[in-house]
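This report reviews selected features of one protein chain. Please consult the sequence and the structure shown below while reading.

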Amino acid sequence: MTDNLGRGRAWARPVAGGVAVLAILGVIALAVALFQGSFTKTVPVTLISDRAGLVMNPDAKVKMNGVQVGKVAAIETRPDGTAELHLAMDPGQLRLIPSNVTADIESTTVFGAKFVNLKAPENPSPQKMAAGQVLRGDHVTVEINTVFQQLTRVLDKIDPVKLNETLGAMSAAFGGRGEKMGRTLTDFEALLEKLEPSLANMARDTEATAVVADAYADAAPDLMRTVENTIRVSDSIVDEQQNLDAFLVSMIGLADVGNDVVGGNRAALSETLRLLVPTTDLLNEYAPGLNCALGGMAVLAKQPPAADPGIAVNVAFTLHIERYRYPSSLPKVAAKGGPQCMGLPDIGFANKAPYLVTDTNSNPWQYGNQGILLNSDGLKQLLFGPLDGPPRNTTQVGHPG
């Protein structure tokens, strides 16, 4: 009896130890599963990116506005070289994410692990992200690994001997010139400080340059034709070089002759120009009147010719017009008043030009007679012909005869 009891106790201890070990392992496994979210329900979403990054691993976080909304379940490389990230999204957070979000693969530091960062657009869609949705990644943060890889490729293309020579030449060039280089940097900084206020104008000029460049682009065919024509003109000048030389020699000879003529007659030419000043001043003053007169002649020249060539003179009784009186009606030269067009150059059909009253002693309306006057002088000329000699009255008053 005692032996059976001792044997039972010896067997129970290993079993209890094994159960304790299994319990501890189960607790650890449960903790790990809970930590990894194995018992948490997730929604699958796919992210397509140009690359996943060298430090992107499964279980990486998916964040939005700094809050974790899921994790990276798996990463696959597609045949075209892009990366396909399978995201396990939290269903509770999924209803808060719009369907038109953008995704970037970022990292907190250069050497840090990557995570997926979701960004809401300026105009979020009312529809929410759904299971199976495919997102397109905008960009991936550059890792230090990529920088070293590209730097290694560049260094593989550089010859160490030539690099040594280049560095030696740069060392020799910069040796003993530290003060000058420092002064150069100081001057360059001062120059940048002066240029900084003009950056706004420079930006506007840069924007305007695009418009000017477009205008030149539109005018490029015409400019090219102009250049081609210039080339032809240059070729023509080269072909006619001898004739051009002869022409220039002739022009030099003509200039020498003209110099001799003008130089020898300088005094006479100066005097002639001085005497022409009053005439030219008078012509300049009466230029408007001359223009009207020439314009009237042009209108008259375009009119059809008269039936009978010559000038028709009408001698008859006149109404409201005073007869000719001597000597007050003698013509007077150099009347004043300036140029007057008086309806010229085109008076019009059946129109009468207004009479210009000046001190020429030939104003037929100066007395303002309202009665009917007999043109006795015209009647005498008609009956007896021209009467020669001075007026018959000795006092020279009135009319002849």
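## Contacts of L87 and the nonpolar core

Beyond its neighbours within four places in sequence, L87 is in contact with V43, P44, V45, L47, V62, K71, V72, A73 and V116. The model in which these contacts occur is a predicted one. L87 also belongs to the largest nonpolar core, a set of 21 residues, where L87, M89, V116, L118 and M129 touch the most other members.

Two or more residues of this core come from each of β1 (43-49), β2 (61-64), β3 (67-77), β4 (83-89), β5 (102-107) and β6 (114-119). The largest share, 4 residues, is supplied by β4.

## Pairing of β1 and β4

Strands β1 and β4 run antiparallel and are joined by 7 bridges. One residue pair in this arrangement is I48 with its bridge partner E84 in β4. Strand β1 is mostly covered, with 6 of its 7 residues buried. As a general point, side chains in a regular strand alternate between the two faces of the sheet.

## Salt bridges

The structure contains 4 salt bridges by the rule applied. Among them is the pair K119 and D104, whose side chains meet with an N to O distance of 3.0 Å. Because K119 lies in strand β6 and D104 in strand β5, this pair ties together parts that are 15 residues apart in sequence. K119 is partly exposed, with a relative accessible area of 34%, whereas D104 is buried at 2% relative accessibility.

Two further salt bridges are found within helices. R183 forms one with E179, the closest N and O atoms lying 3.8 Å apart; both residues belong to helix α5 (residues 178-195) and are 4 residues apart, about one turn of the helix. R183 is partly exposed at 42% relative accessible area, while E179 is exposed at 64%. In helix α7 (residues 220-239), D222 and R225 are 3 residues apart, and therefore separated by about one helical turn. Their side chains meet in a salt bridge with an N to O distance of 1.9 Å. Both residues count as partly exposed, D222 at 43% relative accessibility and R225 at 45%.

## The disulfide

A search of the whole structure yields 1 disulfide. The link joins C292 to C341, with an S to S distance of 1.8 Å. The angle about the S-S bond is 65°, and the link of C292 and C341 is right-handed. C292 lies in helix α10 (residues 287-302) and C341 in the loop between β8 (318-319) and β9 (372-373), so the disulfide ties together parts that are 49 residues apart in sequence. The burial of the two cysteines is as follows: C292 counts as buried at 11% relative accessibility, and C341 as partly exposed at 25%.

## V357 in the loop between β8 and β9

V357 is also placed in the loop between β8 and β9. With 56% relative accessibility, V357 counts as exposed. The C-alpha atoms of V357 and G337 are separated by 9.2 Å, although these residues are 20 residues apart along the chain.

## Confidence of the prediction

The mean pLDDT of the chain is 77, and 76% of its residues reach 70 or more. Which elements of the chain have the lowest and the highest mean pLDDT? Strand β8 has the lowest, at 56, and helix α9 (residues 266-285) the highest, at 90. Where pLDDT is low, the predicted coordinates should not be read in detail.

Conventions
Residues numbered from 1 in each chain as written. Predicted model: local features only at pLDDT ≥ 70, side-chain atom pairs only at ≥ 80, totals over all residues. Heavy atoms only, no water. Disulfide = S-S within 2.5 Å. Buried < 20%, exposed > 50% of the residue type's maximum accessible area, 1.4 Å probe, protein only. Core = buried A, V, L, I, M, F, W, Y, C linked by side-chain atoms within 4.5 Å. Contact = heavy atoms within 4.5 Å. Pairing = 2+ DSSP bridges. pLDDT = per-residue confidence, 0-100.
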